[in-house]
Amino acid sequence: TKTINVEVRAINDSPTISAEASYIIDEDITIDDKTVSADASTNSSLNLNLFRLLYNWSLYQSESMEVGLSPGLYMTNLKFDFAAQGTITAQDGTITTQTINEERLTLPLPSIGAVLNYDISRELKAQVRSDFFYLRVGEYEGSIFEIYLGLEYRILRNFAVGAAFDRLAVNFTNDNKDGLRADMAYNQIYLYGTLYVFDTPF
């Protein structure tokens, strides 16, 4: 008899990804139909927040191994701010000394993934999972790839400790003439404890 297990999880373990930069540009750039002249002083910041909803569907099970699919949904909130001080020329010829550009975008991004759970021993368990999505909506294009490698050791019947490595790579592009492109990645190490409320085999 084949058993199919379904698990739904809401996870907010991905930190805010942020980057800031201040520099003096060496050539003219155009943002929102305004031309910022070379030698202007600029400041920019990018913030990305992620929230995940995962749906684990077990396809194969044995006494020591489980393989499954993991479709899910990333809720992505992107904030980009750009400020410049210098000579800024508007499309109608008006000249100002500063400009501020802000972009805000919230998107639901569907993902598809795979998960492997393997019992190395009675107490020690390994998990490998990966998730990927690609989506293009109008002038916006984005992708995320994540891989998770973890080990969990059951100290007591209802308590375990674990460690895991997680890598997340994010790509975002706005294709309009004043658009932006962001390529970011982070690596994270988890150390955690798990309390199993319900009685589980040990």
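In this predicted model, the search for paired aromatic rings turns up 1 aromatic pair. The partners are Tyr-148 and Tyr-190, with ring centres 6.2 Å apart and planes at 45°. Planes under 30 degrees apart would count as stacked and planes over 60 as edge-to-face, so at 45° this pair goes down as tilted. Tyr-148 belongs to strand β10, residues 140-156, while Tyr-190 belongs to strand β12, residues 181-195. The pair therefore ties together parts of the chain that are 42 residues apart in sequence. As for solvent, both Tyr-148 and Tyr-190 are buried.

Stepping back to the whole chain, the secondary structure is quickly told: 0 helices and 12 strands. Reading along the sequence simply gives β twelve times over, with the pattern β-β-β-β-β-β-β-β-β-β-β-β. The chain has 202 residues, and 33% of them count as buried. Among contacts with a separation of 6 or more, 60% come from residues 24 or more positions apart.

What about empty space inside? Rolling a probe the size of a water molecule over the atoms shows where such space is left. Here the count comes to 1 cavity of 30 Å³ or more. The largest cavity holds about 180 Å³ of space, and 19 residues line it. Closest to its centre are Thr-76, Leu-107, Leu-109, Gly-142 and Phe-172. Several strands share the job of lining this cavity: β7, β8 (95-119), β9 (124-137), β10, β11 (159-174) and β12 each supply at least two residues. Strand β10 gives the largest share, with 5 residues. Sorted by class, the lining comes out as 14 nonpolar, 4 polar and 1 charged residues.

Two charged side chains are worth a look for their polar contacts. Asp-81 sits in strand β7, which covers residues 72-90. With a relative accessible area of 24%, Asp-81 misses the under-20% cut-off for buried and so counts as partly exposed. Leaving aside residues up to four places away in sequence, Asp-81 touches Asn-43, Ser-44, Ser-45, Asn-101, Glu-102 and Arg-104. One of these neighbours, Glu-102, is 21 residues from Asp-81 in sequence, yet the two C-alpha atoms are 4.6 Å apart in space. Another neighbour, Arg-104, makes a polar contact with Asp-81, side chain to side chain, at 3.0 Å.

Arg-129, in strand β9, is the second case. Its relative accessibility is 5%, and because buried means under 20%, Arg-129 counts as buried. The side chain of Arg-129 is joined to that of Ser-70 by a polar contact of 2.5 Å.

Back in strand β10, the strand that also holds Tyr-148, there is Ile-155. Unlike the buried Tyr-148, Ile-155 has 45% relative accessibility and counts as partly exposed, since exposed would call for over 50%. Ile-155 and Leu-124 lie 31 residues apart along the sequence, and their C-alpha atoms are 9.3 Å apart in space.

Definitions and conventions:
Residues numbered from 1 in each chain as written. Predicted model: local features only at pLDDT ≥ 70, side-chain atom pairs only at ≥ 80, totals over all residues. Heavy atoms only, no water. Helix = DSSP H or I, 4+ residues; strand = E, 2+ residues; numbered from the N terminus. Buried < 20%, exposed > 50% of the residue type's maximum accessible area, 1.4 Å probe, protein only. Contact = heavy atoms within 4.5 Å. Polar contact = N/O pair within 3.5 Å; in protein donor to acceptor, adjacent residues only side chain to side chain. Phe/Tyr/Trp six-rings, centres within 6.5 Å; stacked < 30°, edge-to-face > 60°. 1 Å grid on protein atoms, 1.4 Å probe; cavity = no way out; pocket = protein on both sides within 12 Å on 5 of 7 lines; lining within 4 Å. Points joined across faces, edges and corners; volume = space filled by probe spheres on them. Nonpolar A, V, L, I, M, F, W, Y, C, P; charged D, E, K, R; others polar.
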